[in-house]
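Let's take a walk through a protein chain together, one piece at a time. Have the picture ready, and look for each part as it comes up.

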Amino acid sequence: MGKIKVGVIGAGSISEMHFESYKNNCDVEIYAVCDLNEERAQEKAEKYGAEKYYTNYQDLLDNPEVDAVSICTWNNSHAEISIAALNSGKHVLVEKPLCKTVEEAYEIEKAAKVNSGKVIQVGFVRRFGTNTKVLKSFIESGDLGEIYYAKASCLRVLGNPGGWFSDKERSGGGPLIDLGVHVIDLCWYLMGKPKVKSVSGNTYNKLGNRANVTNKSFYKAADYDPEKNTVEDLANAMIRFENGASLVIDTSYALHAKEESINVNIFGDKGGAEIEPALQIFTEKNNTMLNSTPQIDSLSFDFVKGFQDEINHFVSCAKGETETISPVQDGVEIMKILAGVYESSEKGAEVRFD
Ligand SMILES: NC(=O)c1ccc[n+]([C@@H]2O[C@H](COP(=O)([O-])OP(=O)(O)OC[C@H]3O[C@@H](n4cnc5c(N)ncnc54)[C@H](O)[C@@H]3O)[C@@H](O)[C@H]2O)c1
(Lines give C-alpha, C1' and ligand atoms only; values in the text may rest on other atoms or scores of the structure.)
Protein backbone atom coordinates (compact mmCIF):
# COMPACT_ATOMS: atom_id res chain seq x y z
CA MET A 1 0.00 0.00 0.00
CA GLY A 2 1.30 3.47 -0.97
CA LYS A 3 1.38 6.51 1.26
CA ILE A 4 -1.89 7.97 2.56
CA LYS A 5 -2.42 11.30 0.76
CA VAL A 6 -3.73 13.82 3.26
CA GLY A 7 -5.55 17.13 2.84
CA VAL A 8 -5.75 19.64 5.69
CA ILE A 9 -8.86 21.85 5.64
CA GLY A 10 -8.46 25.01 7.75
CA ALA A 11 -4.87 26.24 7.90
CA GLY A 12 -4.97 28.36 11.09
CA SER A 13 -3.33 27.88 14.49
CA ILE A 14 -4.09 24.23 15.32
CA SER A 15 -3.42 23.02 11.77
CA GLU A 16 0.27 23.45 12.56
CA MET A 17 0.06 20.50 15.00
CA HIS A 18 -1.62 18.38 12.32
CA PHE A 19 0.91 19.34 9.62
CA GLU A 20 3.91 18.71 11.88
CA SER A 21 2.56 15.33 12.99
CA TYR A 22 1.71 14.22 9.44
CA LYS A 23 5.19 15.35 8.36
CA ASN A 24 6.71 13.00 10.95
CA ASN A 25 4.62 10.01 9.84
CA CYS A 26 6.40 8.08 7.08
CA ASP A 27 3.12 6.55 5.82
CA VAL A 28 1.77 10.01 4.90
CA GLU A 29 2.16 12.45 2.04
CA ILE A 30 0.84 15.94 2.80
CA TYR A 31 -0.92 16.44 -0.53
CA ALA A 32 -3.40 19.33 -0.27
CA VAL A 33 -4.37 22.32 1.86
CA CYS A 34 -7.55 24.40 1.94
CA ASP A 35 -8.36 27.66 3.67
CA LEU A 36 -10.85 30.45 3.00
CA ASN A 37 -7.80 32.68 3.24
CA GLU A 38 -5.84 31.91 0.05
CA GLU A 39 -2.57 33.35 1.28
CA ARG A 40 -2.71 31.13 4.35
CA ALA A 41 -3.47 28.03 2.27
CA GLN A 42 -0.64 28.79 -0.14
CA GLU A 43 1.84 29.51 2.64
CA LYS A 44 1.11 26.18 4.39
CA ALA A 45 1.21 24.29 1.07
CA GLU A 46 4.66 25.72 0.36
CA LYS A 47 5.91 25.10 3.89
CA TYR A 48 4.84 21.44 3.89
CA GLY A 49 5.39 20.63 0.22
CA ALA A 50 1.72 20.04 -0.61
CA GLU A 51 1.03 19.72 -4.33
CA LYS A 52 -2.35 21.49 -4.27
CA TYR A 53 -4.02 24.29 -2.39
CA TYR A 54 -7.64 25.40 -2.48
CA THR A 55 -10.01 27.99 -1.01
CA ASN A 56 -13.11 25.83 -1.47
CA TYR A 57 -13.15 22.57 0.53
CA GLN A 58 -15.39 20.82 -2.03
CA ASP A 59 -12.68 21.27 -4.69
CA LEU A 60 -10.22 19.51 -2.39
CA LEU A 61 -12.73 16.73 -1.71
CA ASP A 62 -13.41 16.33 -5.45
CA ASN A 63 -9.75 15.46 -5.98
CA PRO A 64 -9.66 11.63 -6.11
CA GLU A 65 -5.97 11.62 -5.09
CA VAL A 66 -6.89 12.70 -1.53
CA ASP A 67 -7.39 9.70 0.81
CA ALA A 68 -7.91 11.43 4.15
CA VAL A 69 -8.56 14.87 5.59
CA SER A 70 -8.05 16.77 8.82
CA ILE A 71 -10.79 19.31 9.49
CA CYS A 72 -9.34 22.26 11.43
CA THR A 73 -11.92 24.92 10.58
CA TRP A 74 -14.31 26.96 12.75
CA ASN A 75 -16.80 24.78 14.62
CA ASN A 76 -19.75 25.92 12.46
CA SER A 77 -18.38 24.07 9.42
CA HIS A 78 -17.29 20.80 11.11
CA ALA A 79 -20.60 19.03 10.37
CA GLU A 80 -20.95 20.20 6.78
CA ILE A 81 -17.34 19.39 5.86
CA SER A 82 -17.27 16.04 7.72
CA ILE A 83 -20.41 14.86 5.91
CA ALA A 84 -19.14 16.06 2.52
CA ALA A 85 -15.76 14.39 3.12
CA LEU A 86 -17.31 11.05 4.12
CA ASN A 87 -19.63 11.20 1.09
CA SER A 88 -16.56 11.88 -1.10
CA GLY A 89 -14.97 8.68 0.20
CA LYS A 90 -12.35 10.27 2.47
CA HIS A 91 -11.22 9.23 5.95
CA VAL A 92 -11.89 12.07 8.38
CA LEU A 93 -10.15 13.45 11.45
CA VAL A 94 -12.36 16.27 12.72
CA GLU A 95 -11.15 18.66 15.42
CA LYS A 96 -13.10 18.98 18.64
CA PRO A 97 -15.90 19.80 19.23
CA LEU A 98 -17.49 17.38 16.73
CA CYS A 99 -19.88 20.19 15.73
CA LYS A 100 -22.20 22.84 17.21
CA THR A 101 -25.44 20.98 17.95
CA VAL A 102 -26.80 17.51 18.73
CA GLU A 103 -28.83 17.54 15.48
CA GLU A 104 -25.63 18.11 13.48
CA ALA A 105 -23.90 15.35 15.45
CA TYR A 106 -26.62 12.85 14.48
CA GLU A 107 -26.29 13.91 10.82
CA ILE A 108 -22.55 13.19 10.90
CA GLU A 109 -23.19 9.85 12.59
CA LYS A 110 -25.69 9.01 9.81
CA ALA A 111 -23.15 9.85 7.10
CA ALA A 112 -20.58 7.70 8.90
CA LYS A 113 -22.99 4.73 8.88
CA VAL A 114 -23.65 5.12 5.13
CA ASN A 115 -19.89 5.31 4.47
CA SER A 116 -18.90 2.67 7.00
CA GLY A 117 -15.75 1.75 5.09
CA LYS A 118 -14.28 5.13 6.00
CA VAL A 119 -12.84 6.17 9.35
CA ILE A 120 -14.14 9.19 11.21
CA GLN A 121 -12.14 10.11 14.28
CA VAL A 122 -12.97 12.99 16.63
CA GLY A 123 -10.03 15.10 17.84
CA PHE A 124 -10.26 14.28 21.55
CA VAL A 125 -6.51 14.64 21.73
CA ARG A 126 -6.21 14.23 25.50
CA ARG A 127 -7.15 10.57 25.13
CA PHE A 128 -3.72 10.23 23.49
CA GLY A 129 -1.74 11.75 26.35
CA THR A 130 0.71 9.32 27.94
CA ASN A 131 -0.69 10.18 31.39
CA THR A 132 -4.18 9.21 30.17
CA LYS A 133 -2.98 5.97 28.56
CA VAL A 134 -1.05 4.93 31.68
CA LEU A 135 -3.98 5.71 33.97
CA LYS A 136 -6.35 3.80 31.65
CA SER A 137 -4.18 0.71 31.99
CA PHE A 138 -4.44 0.97 35.80
CA ILE A 139 -8.21 1.42 35.56
CA GLU A 140 -8.52 -1.58 33.24
CA SER A 141 -6.53 -3.70 35.71
CA GLY A 142 -9.10 -2.80 38.37
CA ASP A 143 -6.78 -0.67 40.52
CA LEU A 144 -9.35 2.12 40.96
CA GLY A 145 -12.38 -0.17 41.30
CA GLU A 146 -15.72 1.39 40.38
CA ILE A 147 -15.30 5.05 39.39
CA TYR A 148 -18.23 6.96 40.85
CA TYR A 149 -17.09 10.59 40.81
CA ALA A 150 -14.95 12.87 38.66
CA LYS A 151 -14.13 16.54 38.97
CA ALA A 152 -12.55 18.72 36.31
CA SER A 153 -11.69 22.37 36.15
CA CYS A 154 -10.09 24.27 33.27
CA LEU A 155 -9.88 27.96 34.09
CA ARG A 156 -8.40 30.85 32.17
CA VAL A 157 -8.36 34.19 33.93
CA LEU A 158 -7.63 36.09 30.70
CA GLY A 159 -8.02 33.89 27.62
CA ASN A 160 -10.90 34.69 25.32
CA PRO A 161 -9.19 34.09 21.93
CA GLY A 162 -11.49 36.58 20.14
CA GLY A 163 -12.40 36.31 16.44
CA TRP A 164 -14.63 33.33 15.60
CA PHE A 165 -14.09 31.77 19.07
CA SER A 166 -16.12 34.55 20.67
CA ASP A 167 -18.80 34.62 17.96
CA LYS A 168 -21.45 32.10 19.09
CA GLU A 169 -22.74 31.69 15.52
CA ARG A 170 -19.40 30.28 14.41
CA SER A 171 -18.17 28.61 17.62
CA GLY A 172 -21.38 27.33 19.20
CA GLY A 173 -20.28 28.72 22.57
CA GLY A 174 -17.37 29.84 24.72
CA PRO A 175 -15.06 28.04 27.16
CA LEU A 176 -17.49 25.14 27.65
CA ILE A 177 -17.43 24.01 24.01
CA ASP A 178 -13.78 25.03 23.51
CA LEU A 179 -11.96 23.99 26.72
CA GLY A 180 -14.57 22.18 28.80
CA VAL A 181 -15.05 19.68 25.97
CA HIS A 182 -11.50 18.34 26.54
CA VAL A 183 -11.81 17.74 30.27
CA ILE A 184 -15.41 16.47 30.11
CA ASP A 185 -14.36 13.97 27.47
CA LEU A 186 -11.25 12.96 29.40
CA CYS A 187 -13.26 12.16 32.55
CA TRP A 188 -16.09 10.47 30.63
CA TYR A 189 -13.61 8.30 28.68
CA LEU A 190 -11.75 7.24 31.84
CA MET A 191 -15.04 6.60 33.66
CA GLY A 192 -15.83 3.98 31.00
CA LYS A 193 -18.18 6.14 28.89
CA PRO A 194 -21.32 5.81 31.06
CA LYS A 195 -24.65 6.85 29.53
CA VAL A 196 -25.62 10.40 30.52
CA LYS A 197 -28.82 10.70 32.54
CA SER A 198 -29.11 14.40 33.31
CA VAL A 199 -27.24 17.69 33.18
CA SER A 200 -27.56 20.76 35.32
CA GLY A 201 -25.48 23.75 34.29
CA ASN A 202 -24.95 27.48 34.55
CA THR A 203 -23.27 29.89 32.19
CA TYR A 204 -22.32 33.48 32.99
CA ASN A 205 -21.42 36.57 30.97
CA LYS A 206 -20.06 38.75 33.72
CA LEU A 207 -16.57 39.91 32.76
CA GLY A 208 -16.76 39.98 28.96
CA ASN A 209 -13.47 39.29 27.19
CA ARG A 210 -11.31 41.57 29.39
CA ALA A 211 -9.75 43.03 26.22
CA ASN A 212 -9.04 46.13 28.31
CA VAL A 213 -6.37 44.31 30.36
CA THR A 214 -2.84 45.51 29.65
CA ASN A 215 0.66 44.09 30.26
CA LYS A 216 -0.45 40.46 29.97
CA SER A 217 -0.43 38.41 26.76
CA PHE A 218 -2.85 35.59 26.02
CA TYR A 219 -3.89 33.05 23.36
CA LYS A 220 -5.50 34.64 20.29
CA ALA A 221 -7.25 33.23 17.19
CA ALA A 222 -5.47 33.53 13.81
CA ASP A 223 -7.87 36.39 12.96
CA TYR A 224 -8.04 38.04 16.40
CA ASP A 225 -10.76 40.61 16.83
CA PRO A 226 -12.04 41.58 20.30
CA GLU A 227 -15.04 43.55 18.96
CA LYS A 228 -17.66 40.80 18.93
CA ASN A 229 -18.18 38.68 22.04
CA THR A 230 -21.41 36.70 22.30
CA VAL A 231 -20.13 33.72 24.30
CA GLU A 232 -20.17 32.91 28.02
CA ASP A 233 -17.08 33.67 30.09
CA LEU A 234 -17.74 30.96 32.73
CA ALA A 235 -19.66 27.68 32.71
CA ASN A 236 -20.17 25.05 35.40
CA ALA A 237 -22.15 21.81 35.45
CA MET A 238 -23.13 18.68 37.33
CA ILE A 239 -23.56 15.68 35.03
CA ARG A 240 -25.32 12.53 36.29
CA PHE A 241 -24.89 9.14 34.64
CA GLU A 242 -27.21 6.13 34.49
CA ASN A 243 -24.77 4.00 36.51
CA GLY A 244 -25.02 6.47 39.41
CA ALA A 245 -21.66 8.16 38.76
CA SER A 246 -21.39 11.95 38.59
CA LEU A 247 -19.07 14.56 37.09
CA VAL A 248 -18.61 18.16 38.20
CA ILE A 249 -16.87 20.66 35.94
CA ASP A 250 -16.14 24.34 35.57
CA THR A 251 -14.36 26.25 32.84
CA SER A 252 -13.71 29.88 31.97
CA TYR A 253 -12.21 32.34 29.49
CA ALA A 254 -12.26 35.19 32.01
CA LEU A 255 -12.39 35.05 35.79
CA HIS A 256 -11.15 37.02 38.79
CA ALA A 257 -8.92 34.20 40.02
CA LYS A 258 -5.27 33.93 41.01
CA GLU A 259 -4.03 32.25 37.83
CA GLU A 260 -4.82 29.92 34.91
CA SER A 261 -5.34 26.33 36.15
CA ILE A 262 -6.26 22.85 35.04
CA ASN A 263 -7.28 20.13 37.50
CA VAL A 264 -8.74 16.77 36.52
CA ASN A 265 -9.47 14.04 39.10
CA ILE A 266 -11.35 10.77 39.13
CA PHE A 267 -12.38 8.80 42.20
CA GLY A 268 -13.15 5.08 42.50
CA ASP A 269 -13.99 2.79 45.42
CA LYS A 270 -10.52 1.20 45.36
CA GLY A 271 -8.43 4.17 44.31
CA GLY A 272 -8.40 7.66 42.90
CA ALA A 273 -6.22 9.63 40.51
CA GLU A 274 -5.17 13.11 39.59
CA ILE A 275 -4.58 13.33 35.82
CA GLU A 276 -3.84 17.04 35.56
CA PRO A 277 -1.77 18.94 36.45
CA ALA A 278 0.32 15.79 37.13
CA LEU A 279 -0.59 12.10 37.15
CA GLN A 280 -0.73 10.54 40.61
CA ILE A 281 -2.62 7.51 41.85
CA PHE A 282 -4.09 7.24 45.35
CA THR A 283 -4.78 3.85 46.93
CA GLU A 284 -4.80 2.04 50.26
CA LYS A 285 -2.65 -0.92 51.24
CA ASN A 286 -2.04 -2.60 54.65
CA ASN A 287 -4.26 0.03 56.28
CA THR A 288 -2.06 2.77 54.84
CA MET A 289 -2.94 5.39 52.24
CA LEU A 290 -0.49 5.43 49.35
CA ASN A 291 0.17 8.21 46.84
CA SER A 292 1.99 6.77 43.82
CA THR A 293 3.74 8.74 41.11
CA PRO A 294 4.37 6.77 37.89
CA GLN A 295 7.86 7.12 36.44
CA ILE A 296 6.95 8.32 32.92
CA ASP A 297 8.39 10.99 30.62
CA SER A 298 5.61 13.50 31.25
CA LEU A 299 3.15 13.43 34.14
CA SER A 300 0.98 16.09 32.49
CA PHE A 301 -0.40 16.28 28.94
CA ASP A 302 2.42 16.63 26.42
CA PHE A 303 0.85 18.67 23.60
CA VAL A 304 3.32 17.73 20.84
CA LYS A 305 3.43 14.01 21.67
CA GLY A 306 -0.34 13.89 22.20
CA PHE A 307 -0.97 15.25 18.71
CA GLN A 308 1.65 12.96 17.17
CA ASP A 309 0.00 9.92 18.77
CA GLU A 310 -3.47 11.11 17.71
CA ILE A 311 -2.36 11.54 14.09
CA ASN A 312 -0.40 8.25 14.06
CA HIS A 313 -3.50 6.45 15.35
CA PHE A 314 -5.70 8.08 12.69
CA VAL A 315 -3.28 7.07 9.92
CA SER A 316 -3.13 3.53 11.26
CA CYS A 317 -6.96 3.40 11.26
CA ALA A 318 -7.08 4.76 7.70
CA LYS A 319 -4.71 1.96 6.68
CA GLY A 320 -7.15 -0.54 8.19
CA GLU A 321 -4.72 -1.69 10.90
CA THR A 322 -6.91 -0.85 13.87
CA GLU A 323 -10.18 0.80 14.94
CA THR A 324 -10.30 4.33 16.26
CA ILE A 325 -10.44 4.86 20.02
CA SER A 326 -12.23 8.17 19.38
CA PRO A 327 -15.27 7.31 17.21
CA VAL A 328 -18.10 9.56 16.06
CA GLN A 329 -20.55 8.03 18.59
CA ASP A 330 -18.39 9.47 21.39
CA GLY A 331 -18.54 12.87 19.72
CA VAL A 332 -22.34 12.59 19.72
CA GLU A 333 -22.48 11.73 23.46
CA ILE A 334 -20.18 14.62 24.37
CA MET A 335 -22.24 16.97 22.17
CA LYS A 336 -25.35 15.91 24.15
CA ILE A 337 -23.61 16.89 27.39
CA LEU A 338 -22.39 20.25 26.05
CA ALA A 339 -25.77 21.17 24.55
CA GLY A 340 -27.39 19.97 27.79
CA VAL A 341 -25.34 22.44 29.84
CA TYR A 342 -26.34 25.37 27.61
CA GLU A 343 -30.00 24.29 27.61
CA SER A 344 -30.06 23.78 31.36
CA SER A 345 -28.54 27.20 31.94
CA GLU A 346 -31.11 28.86 29.68
CA LYS A 347 -34.01 27.09 31.38
CA GLY A 348 -32.63 27.43 34.88
CA ALA A 349 -33.44 23.74 35.39
CA GLU A 350 -31.99 20.27 35.02
CA VAL A 351 -32.13 18.65 31.56
CA ARG A 352 -32.92 14.93 31.53
CA PHE A 353 -32.07 12.40 28.83
CA ASP A 354 -34.73 9.70 29.34
N1 LIG B 1 -7.35 19.87 19.94
C2 LIG B 1 -6.99 21.04 20.44
O3 LIG B 1 -6.33 21.12 21.48
C4 LIG B 1 -7.40 22.29 19.71
C5 LIG B 1 -6.74 23.51 19.98
C6 LIG B 1 -7.12 24.65 19.28
C7 LIG B 1 -8.17 24.57 18.38
N8 LIG B 1 -8.82 23.39 18.14
C9 LIG B 1 -9.95 23.30 17.21
O10 LIG B 1 -9.45 23.47 15.88
C11 LIG B 1 -10.36 24.23 15.08
C12 LIG B 1 -9.63 25.44 14.52
O13 LIG B 1 -9.12 26.24 15.57
P14 LIG B 1 -7.89 27.24 15.35
O15 LIG B 1 -7.42 27.65 16.70
O16 LIG B 1 -6.92 26.65 14.41
O17 LIG B 1 -8.64 28.48 14.66
P18 LIG B 1 -7.99 29.56 13.67
O19 LIG B 1 -8.94 30.68 13.61
O20 LIG B 1 -6.59 29.82 14.07
O21 LIG B 1 -7.96 28.79 12.25
C22 LIG B 1 -9.12 28.34 11.59
C23 LIG B 1 -8.88 28.44 10.10
O24 LIG B 1 -9.97 27.81 9.40
C25 LIG B 1 -10.27 28.58 8.24
N26 LIG B 1 -11.65 28.27 7.84
C27 LIG B 1 -12.77 28.51 8.53
N28 LIG B 1 -13.85 28.02 7.89
C29 LIG B 1 -13.39 27.43 6.74
C30 LIG B 1 -14.00 26.75 5.66
N31 LIG B 1 -15.32 26.57 5.61
N32 LIG B 1 -13.22 26.29 4.67
C33 LIG B 1 -11.86 26.47 4.71
N34 LIG B 1 -11.22 27.11 5.70
C35 LIG B 1 -11.97 27.59 6.73
C36 LIG B 1 -10.04 30.02 8.68
O37 LIG B 1 -9.84 30.87 7.58
C38 LIG B 1 -8.79 29.88 9.57
O39 LIG B 1 -7.60 30.04 8.83
C40 LIG B 1 -11.53 24.55 16.00
O41 LIG B 1 -12.56 23.63 15.81
C42 LIG B 1 -10.97 24.42 17.41
O43 LIG B 1 -11.94 24.05 18.35
C44 LIG B 1 -8.43 22.25 18.79
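Our first stop is a pair of strands: β13 and strand β14 (residues 288-292) are joined by 5 bridges and run antiparallel. Keep in mind as you look that this is a predicted model. To see how the two strands line up, find Phe282, which stands opposite Asn291 in β14. What links the two strands? They form a hairpin, with 2 residues between them. Look closely at Asn286 in that turn, because something there may catch your eye: Asn286 lies in the loop between β13 and β14, and it has a positive phi of about 50° although it is not a glycine.

Now turn to the other neighbour of β13. Strand β12 (residues 272-276) is joined to strand β13 (residues 280-285) by 3 bridges, and this pair runs antiparallel. Here you can pick out Glu274, whose bridge partner in β13 is Gln280. A hairpin connects β12 to β13 as well, through 3 residues. So β13 pairs with β12 and also with β14. While you have strands on screen, here is a handy general point: in a regular strand, side chains alternate between the two faces of the sheet.

The loop between β12 and β13 holds Pro277. The peptide bond that joins Glu276 and Pro277 is cis, with omega of about 5°. Where else can you find a cis peptide bond? One joins Lys96 and Pro97, where omega is about -10°. Pro97 sits in the loop between β5 (91-95) and α5 (102-114).

Next, let's visit some helices. Two packed helices are described by the angle between their axes and the distance between the axes. For helix α8 (residues 175-190) and helix α10 (residues 328-347), the angle is about 130° and the axes are 10 Å apart. α8 and α10 are therefore oblique to each other, and their crossing is right-handed.

Which residues meet there? From α8 come Leu176, Ile177, Val181, Ile184, Asp185 and Trp188, and from α10 come Ile334, Ile337, Leu338 and Val341. The residues of this contact divide into 9 nonpolar, no polar and 1 charged.

Finally, step back for a wider view. A UniProt record, an unreviewed entry, places the feature "domain: Gfo/Idh/MocA-like oxidoreductase C-terminal" at residues 136-351. Over residues 136-351 the chain is 28% helix and 27% strand, and the end C-alpha atoms lie 30 Å apart.

Conventions
Residues are numbered from 1 along each chain as its sequence is written. This is a predicted model: local features need pLDDT of at least 70, side-chain atom pairs count only at pLDDT 80 or more; totals for chains, interfaces and linings use all residues. Axes are lines fitted to C-alpha atoms, for helices over the stretch in contact, and angles run from 0 to 180 degrees between N-to-C directions. Helices (H or I, at least four residues) and strands (E, at least two) are DSSP runs, numbered from the N terminus. Angles under 35 degrees count as roughly parallel, over 145 as roughly antiparallel, 65 to 115 as roughly perpendicular and the rest as oblique. A crossing is left-handed if the near helix is turned anticlockwise from the far one by less than a right angle, and right-handed if clockwise. Two residues are in contact if their C-beta atoms, placed from the backbone, lie within 7 Å. Ala, Val, Leu, Ile, Met, Phe, Trp, Tyr, Cys and Pro count as nonpolar, Asp, Glu, Lys and Arg as charged, and the others, Gly among them, as polar. UniProt positions are given in the numbering used here, feature names are shortened, and annotations may be inferred rather than shown by experiment. Two strands pair if DSSP finds at least two bridges between them.
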